[in-house]
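Please read the points below with the structure open beside you, and turn to each residue as it is named. They begin with a single side chain and then move outward to its surroundings.

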Amino acid sequence: MKKFLVLAVVALSFATGLCRSIDDVFNAFPEADNVQLVNMPGLLDMIQSKFDAKSKEKNGAKSIIESVKILIIEDATDQQKGIARQILDEGVDDLEEMVAVNDGEEDVTILSQQQGDHIAQMLIIVFDNEENEVGVVHLKGVLRADDLENMGMFN
């Protein structure tokens, strides 16, 4: 009976798809002392002002940050790292891998959703192997490639 139940759950998960929403990503990590959802007042304004300063000289459309969400896991357990790796393996709704970099000290994967001539949202997952931390950052808005390059994200 247990085998049947396990097989039914596995089949149901495949039938419904393996992708998850952004909220599912942030809710995937159970509450623990080492898990922090960072909510800094003014963080959104600070990031937006950096975009504005870098694109001040240019005419035309600028990036607009609508929301920022940051999750930090310090002293990440193997289970927590496994959850983050599973999220990358299974994918996130409407996001495609944009960049993946592994320099030995850090593994960084950036997923994004393109909408016309801009990026509508980005999900950045970082594994800091030296500090044993996992970070998840979600940016949502109208993100222009030029502004992201000027911010040093792809340099």
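1. This is a predicted model, and a good place to begin is threonine 109, which, once its neighbours within four places in sequence are left aside, is in contact with Leu88, Glu97, Val99, Ala100, Leu123, Ile124 and Ile125. Threonine 109 belongs to strand β4, which covers residues 106–115. Is threonine 109 buried or exposed? Its relative accessible area is 11%, and because the limit for calling a residue buried is under 20%, threonine 109 counts as buried.

2. One of those contacts, Leu123, leads to the largest nonpolar core, where Leu123 is listed among the residues with the most contacts inside the core, together with Phe29, Leu71, Ile73, Ile87, Val92 and Val136. How many residues does this largest core have? It has 20, and the elements that each supply at least two of them include the helices α2 (22–27) and α4 (78–90) as well as the strands β2 (64–73), β5 (118–128) and β6 (133–143). A second core, separate from this one, is made of eight residues, among them Ile119, Ile124, Leu143 and Leu148.

3. Leucine 71 deserves a closer look, since the list of residues that it touches, not counting those up to four places away in sequence, consists of Phe26, Phe29, Val35, Gln36, Leu37, Val134, Gly135 and Val136. The residue after it in the numbering, isoleucine 72, has glycine 135 in β6 as its bridge partner.

4. That bridge introduces the pairing of the strands, for β2 and β6 run antiparallel and are joined by nine bridges. β5 also pairs with β6 in the antiparallel sense, over nine bridges, and within β6 it is valine 137 that stands opposite isoleucine 124. β6 itself is mostly covered, with eight of its eleven residues buried.

5. Please also inspect the hairpin of β5 and β6, in which four residues lie between the strands and asparagine 132 takes a positive phi near 55°.

6. The last point concerns the aromatic rings, and here a search of the whole structure finds zero aromatic pairs. Two charged side chains do, however, lie over ring faces: lysine 69 is placed over phenylalanine 26, at 4.7 Å from the ring centre, and arginine 85 is placed over phenylalanine 127, at 3.7 Å from the ring centre. Phenylalanine 26 has already appeared in this note, as one of the residues that leucine 71 touches.

Conventions
Residues are numbered from 1 along each chain as its sequence is written. This is a predicted model: local features need pLDDT of at least 70, side-chain atom pairs count only at pLDDT 80 or more; totals for chains, interfaces and linings use all residues. Side-chain values use heavy atoms; hydrogens and water are left out. Rings of Phe, Tyr and Trp (its six-membered ring) pair if their centres lie within 6.5 Å; planes under 30 degrees apart count as stacked, over 60 as edge-to-face and the rest as tilted. A charge sits over a ring if NZ of Lys or CZ of Arg is within 6 Å of the ring centre and within 35 degrees of the ring normal. Helices (H or I, at least four residues) and strands (E, at least two) are DSSP runs, numbered from the N terminus. Buried means under 20% relative accessible area, exposed over 50%, partly exposed in between (1.4 Å probe, protein chains only). Contact means heavy atoms within 4.5 Å. A nonpolar core is a set of buried Ala, Val, Leu, Ile, Met, Phe, Trp, Tyr and Cys residues joined through side-chain atoms within 4.5 Å. Two strands pair if DSSP finds at least two bridges between them.
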